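Let's take a walk through this structure together. Have a look at it below, and then we'll go from where the chains meet to a couple of closer views.

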Amino acid sequence: MIADRIILAFTLVLAAVYFWATAQIPSLEIGDPLGPKAFPRLLGIGLLLTAALLAGEMWKARHEKRAPVEPGSLVHYLVVGGVAAWTWLYFLLFEPLGFIIATAVYLLVLTGYFNRGRWIPNVSTSILFPIITYLLFTKGLGVSLARGVLPF
Amino acid sequence: MDTLTHIINGFAVCLQPINLWYTFLGVFLGTIVGVLPGIGPSATIALLIPVTFGMNPTSALIMMAGVFYGTKYGGSTTAILIRTPGEAASVMTTLDGYEMARKGRAGAALAVSAIGSFIAGTLGVIALTIFALPLASMALKFGPAEYFTLMLFAMTAVASLTGKSPAKGMLATILGLMIATIGIDLQSGQPRYTMGIAEFQDGVGFVVVVVGMFAVSEVLRGLVDIHGGKAAKLLPISGKLWLTKEEWKRSIGPIWRGGIIGFVIGVLPGAGGTIASILSYTTEKRLSKHPEEFGHGAIEGVAGPEAANNADTAGALVPLLTLGVPGGGSTAVLLGAFIMYGIQPGPLLFQNRPDLVWGLVDSMYIGNIMLLILNLPLIGLFVKLLLIPIGILYPLIVSIAAIGAYGINGSVLDLYLILLFGVLGYIFDKVDIPVAPLVLSLVLGGMMEQSFRQAMTISGGNPKIFFNSAITMTLVVMSIISIALPFVLPRIKAMLKSEAD
């Protein structure tokens with residue numbers, strides 16, 4: 001499978017990067033015979049062993065029939081990518097706009113798309129949820145949330 | 001005698017009105033989270049950490065434990081009424097529970113899972129009460145070498161037992177350990193792998209990893225399903241919410257056996273509730289005089305697995321409380337919560353804070369009674385939750401996750417991290433890399449490195465210390481066996497089969 005090959009390649013690259021980054025840690029070995037590098041080095045070796053195991057599993061499964069690719073999987077990735085990008089934008093504007101406005105806009109778009117056509121529950125949830133949770137968390141539970149452009 | 005006093009004192013702690021309230025809140029939340037697909041106990045407990053900060057730790061932990069065992073009750077409701085497990089461990093209940101509901105016996109299926117969960121859950125807590133102390137006093141003899149090998153065993157067992165491929169389980173474990181090494185090294189004061197980002201000096205918080213991998217990734221999966229038009233159909237609660245004499249007679253055996261299987265599997269690292277319920281299901285099918293009824297609405301197929309996954313939660317608390325080493329994803333998150341409160345579970349906790357330990361354990365007796373009431377007479381209310389359109393529910397979960405992640409430090413970086421780990425969790429699911437081993441090793445990573453270095457300091461740098469005592473030797477051998485098992489087992493099976501042929 002292509003996915004498994006990518007995982008194997010990723011594992012090897014990660015091991016190399018991790019070994020390199022471990023070598024960059026400055027160490028003063030006073031009163032600590034191992035220092036901060038020893039355990040990470042073990043992990044790097046563990047990662048190489050994992051790569052070997054992965055290769056072994058792939059070798060064993062080389063004759064197995066591949067599962068057919070699900071139809072519409074490209075659409076799936078588009079959906080995931082779209083939601084992830086929208087969520088990223090939400091987090092980007094989380095502090096500048098404040099929790100209430102950013103969340104309301106975020107929810108309006110997502111519920112509008114995934115719960116299509118039902119405007120009344122979508123709009124009321126998108127507006128009431130951020131206001132109620134904001135008041136509950138900041139005033140009731142003392143958790144600080146971004147205030148943003150709103151005066152309260 | 002002393003123990004008995006502690007147990008009774010524990011009741012005095014958990015019966016305080018404030019703790020009763022938090023027990024109720026925990027099991028109530030647990031039932032909701034169990035009923036709702038898309039958010040599970042791990043993410044909920046992680047999200048509760050910032051909210052409960054500053055609370056009395058005993059009350060907070062009582063509540064979080066309530067979420068942990070409460071979800072198992074709620075999970076079966078969704079499994080029975082819409083054939084989607086509300087929790088992974090309820091997957092076996094979808095087989096016969098949904099069939100019962102289709103035949104108009106939803107009431108009986110819900111009743112037997114609530115009653116079975118109650119009996120087995122209580123049985124599990126009794127076993128926890130009995131076994132905790134002897135195990136804790138044994139663990140008092142553990143030094144750093146013993147702890148290191150114990151954690152090694154927990155990790156190898158979880159890596160090789162969760163998911164389809166042990167190599168991918170190992171990969172997840174090591175990734176978790178690597179994430180745990182990010183931040184300032186506590187012994188030398190050197191920053192490691194911080195990539196110049198100041199926030200990383202304190203390390204990557206496990207809350208953001210758990211919330212990302214368990215909640216955000218689940219939302220991404222769920223939204224793809226909505227887009228694909230995979231909507232589940234909700235069956236009505238049909239029939240009386242009670243069992244006939246015949247059904248009762250058929251269920252009681254599976255409940256007892258499921259309870260025992262669940263507890264034992266729960267104590268062992270790695271396996272967890274899902275495997276406990278699968279084991280119980282196959283056991284009941286094998287013992288049944290009518291195995292052909294399984295999959296077509298056999299009540300044994302609901303009673304056994306539901307009992308097993310509830311006893312499992314009590315069993316899973318045994319190693320967490322007595323050794324301080326969890327054996328799975330959800331208990332790892334619970335350990336993380338303990339540590340956030342500055343409390344280290346383990347043998348010393350039984351000596352230093354018996355009020356907390358026994359208050360927590362005893363609250364589970366009360367919590368199970370509350371859950372029985374919530375999940376039998378009041379089940380109709382929770383079923384209403386399933387009417388919330390998931391197109392609204394899933395976006396709300398992201399916002400709740402954002403509140404939880406931002407609430408810890410007020411840092412936007414944590415928001416980006418939950419998104420990053422959410423996408424990563426989605427990809428992991430697609431390519432069959434299990435998430436639980438990563439969470440476990442992330443939580444244990446710091447402790448593991450510390451005990452490794454302490455042990456090596458004691459031995460003057462000689463790794464022989466990990467093979468010196470009988471305990472470490474046993475644990476090392478068990479670790480090797482748990483890695484080798486997935487490779488050896490199919491061969492043994494094939495050999496036996498060819499001999500039988």
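How many residues of chain A are in contact with chain B, and how many of chain B with chain A? In this predicted model, 51 residues of chain A are in contact with 47 residues of chain B. On chain A's side, the elements that each chip in two or more residues are H1, H2, H3 (73-92), H4 (94-97), H5 (99-114) and H6 (119-140), every one a helix. H2(A) gives the largest share, with nine residues. As for the kinds of residue on that side of chain A, 33 are nonpolar, 15 are polar and three are charged.

Now zoom in on H1 of chain A, which covers residues 2-24. Its 23 residues, at 1.5 Å a residue, should span 33 Å, and the C-alpha atoms at its two ends are indeed 33 Å apart, so the two values agree. Four residues of this helix are buried: A:Ile7, A:Thr11, A:Ala15 and A:Thr22. What lies over them? The cover includes helix H2 (38-60) from chain A as well as helix H8 (166-180) from chain B.

Finally, hop over to chain B and find B:Ser451, which sits in helix H19, residues 436-458. B:Ser451 counts as buried because 21 other C-beta atoms lie within 10 Å, and the cut-off for that is 20 or more. Leaving aside residues up to four places away in sequence, B:Ser451 touches B:Pro144, B:Tyr147 and B:Phe148. B:Thr31, by contrast, is 420 residues from B:Ser451 in sequence, and their C-alpha atoms are 38 Å apart in space.

Notes. Residues are numbered from 1 along each chain as its sequence is written. Chains are lettered from A and ligands numbered from 1 in the order in which they are written. This is a predicted model: local features need pLDDT of at least 70, side-chain atom pairs count only at pLDDT 80 or more; totals for chains, interfaces and linings use all residues. The expected span of a helix is 1.5 Å times one less than its number of residues. A residue is buried if 20 or more other C-beta atoms lie within 10 Å of its own, exposed if 12 or fewer, and partly exposed in between; C-beta atoms are placed from the backbone. Two residues are in contact if their C-beta atoms, placed from the backbone, lie within 7 Å. Ala, Val, Leu, Ile, Met, Phe, Trp, Tyr, Cys and Pro count as nonpolar, Asp, Glu, Lys and Arg as charged, and the others, Gly among them, as polar.
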